[in-house]
Every structure is written in structure tokens, then in C-alpha cells.
Amino acid sequence: MEKHEMIEEHDLVAVGVSGGADSLCLLFVLLEYRKRVPFELVVVHVNHGIRQEAVMDADFVKKICRRENIPFFLKEVNVSKLAQKEHLSEEEAGRKVRYSAFEEALELYKKKETAIEIGNCKIAVAHHQKDVAETVLFHMFRGTGIYGMSGILPVNGNIIRPLLSCSRKEIEEYLTLKKQSWCIDYTNDEDAYTRNKIRHHILRYADEEINEKATEHVAGAALQLTSLREYLEGEVEKMSNEVARLEKEEILIDL
């Protein structure tokens, strides 16, 4: 978080908390970080209308928010119907709903807390090491270059991902140490999505049969490529400022 300057004083951070281990870990990491850097925090929970246990998950997260004295924002949408209506996959529709919920929560909080000084608005999501490795392989199988192989960016606009370098094992150990239970979404064990197939079959096989740190190594390579990508973008911007200029609707390059 400090390396990428993810959060500064007085920022407003909306954190997505499903009740699963990853998002709960993220929440408690942010609460710990708030002891160092003062910032505002609001929890966003989305009920996708797919699982029967979803109402219990929402109650579970709400109780934790009440205990920790954090604002709780609930969004309930039938993602399956939305996907059919807008001709999207359920995965795409779910993502659209989640980021819409983040923006709603941030706007609502800003209106309510007018007396509090608020800096930048951030969205914190709980992607971790395995998500990075899975994304890299997904992009490689479809065909990609440096951009796709850099996986998931730690900071992308106002979206921050503090757990990118953490393994799932570390996440569960952290919650166990805090004596904090978590919800289990059994749909994550299904192979309905391509990413799940990569996670359950390819990455699991690589970790168990090739190298126990296979996932960690793929994710590490992606982070190195992210650094390379950032360097190249910086060099391109520096060079373009030296040799190119915008006039009306044309870009002129000094040969």
C-alpha cells in the first residue's frame, strides 16, 4: 500500500466485502492501516440474487460493520436477469453491478458526511496472488503481450488492490490469528467460468505436481512485467513531450 501510495490522509475508501476470507482480510488490513493514516472507510456488500445463502452473508458482514463501527452499504440486484436483459455474461453483469454499487456508496457517504474533510475517493478490492496468476494465464491463452501478462494492476485509476502480493494461505492464517470466521461461497468451486477452470485445474495441478510455488512465481513475474510496463509508459510519455505536440486535431512529430 505504501509502495504504490494507495491511500492518503482524508481519502474516502469504499471496500467490497462479500464475507469471504479475501474481502474480510482486506477489511481488517484497512482497519489496521487506518491506525497509521487517517481516512474514511465504508463497506459495500452486493447481493447478486443467485445464492440462497446470500441474505445470511449480508447479515454476517453487517454485524461485523456494526461491531467495528463502519458504515455499511447494501446493494441487491438480480444479476441473472440483468445479464439476460443487457446480453452480458453473469460474470460481466456482476462486475458492472459491483462497481456501480461502489460509486453509489461513495456518493451517498459524501452527501451524509459533509462536515468531514474528504480527499480522493478510492475503491478497494480483494484480488490476491492467485487472482493475478489466473488472470495472466487467462490472457496468455487468449493471446496477449506485455499488458495482458502484467495481470492485475495494484492501482488502476481510483481502484486499489492492497492484497495482490498475498497468498490465499496467508489470508486464511491472518484471519485465524484474529479468530475471525468467514463465509464460504460454494459457487466458487464450480467450473462455470473459464477463470475457475484455470484456478481449479491448471493452477492446482501446477502447484501440486510441478512446483509448490508455481502460482507465486507466475504472480511474481506479472508484478515484474507491471514494473516494466510502468517504465515503458513513462519513457514514452517523456519522449512524446520532447518530440510531439498537439495542434487542433493533429499530432505533429518533430522528425
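Reader: Where does Y231 lie, and what makes a stretch a helix here?

Author: Y231 lies in helix 9. A helix is a DSSP run of H or I with at least four residues, while a strand is a run of E with at least two; both are numbered from the N terminus. Do keep in mind that this is a predicted model, where local features need pLDDT of at least 70, side-chain atom pairs count only at pLDDT 80 or more, and totals for chains, interfaces and linings use all residues. Residues are numbered from 1 along each chain as its sequence is written, and side-chain values use heavy atoms, with hydrogens and water left out.

Reader: What makes I146, Y147, L228, Y231 and L232 a nonpolar patch?

Author: Patch members need over 30% relative accessible area (Shrake-Rupley, 1.4 Å probe, with only the protein chains shown as cover). They also have no salt bridge (a Lys or Arg side-chain nitrogen within 4 Å of an Asp or Glu carboxyl oxygen). Nonpolar side chains are then joined within 5 Å, and like charges within 9 Å. These five residues therefore count as one patch, of about 470 Å². Helix 6 (146-149) and helix 9 each give two or more residues to this patch, and helix 9 gives the most, three.

Reader: Why is the second largest pocket called a pocket, and what is its volume?

Author: On a 1 Å grid, a pocket is an open set of points with protein on both sides within 12 Å along at least five of seven lines, and lining residues have an atom within 4 Å of a point. This pocket's volume, the space filled by probe spheres (radius of the 1.4 Å probe) set on the points, is about 280 Å³. Its lining includes Q129, R168 and E216. Helix 5 (129-142), helix 7 (168-177) and helix 9 (214-243) each give two or more residues to that lining. By class, the lining has eight charged, three polar and one nonpolar residue.

Reader: How do you know that strand 4 pairs with strand 1 and with strand 6?

Author: Pairing takes at least two DSSP bridges between two strands. Strand 1 (12-16) and strand 4 (121-124) are joined by four bridges, and strands 4 and 6 by two, so both pairs qualify. I123 is the partner of A14 and also of I159.

Reader: What makes strands 3 and 5 edge strands?

Author: In the open sheet 3-2-1-4-6-5, strand 3 (72-76) and strand 5 (155-156) each pair on one side only.

Technical notes: Ala, Val, Leu, Ile, Met, Phe, Trp, Tyr, Cys and Pro count as nonpolar, Asp, Glu, Lys and Arg as charged, and the others, Gly among them, as polar.
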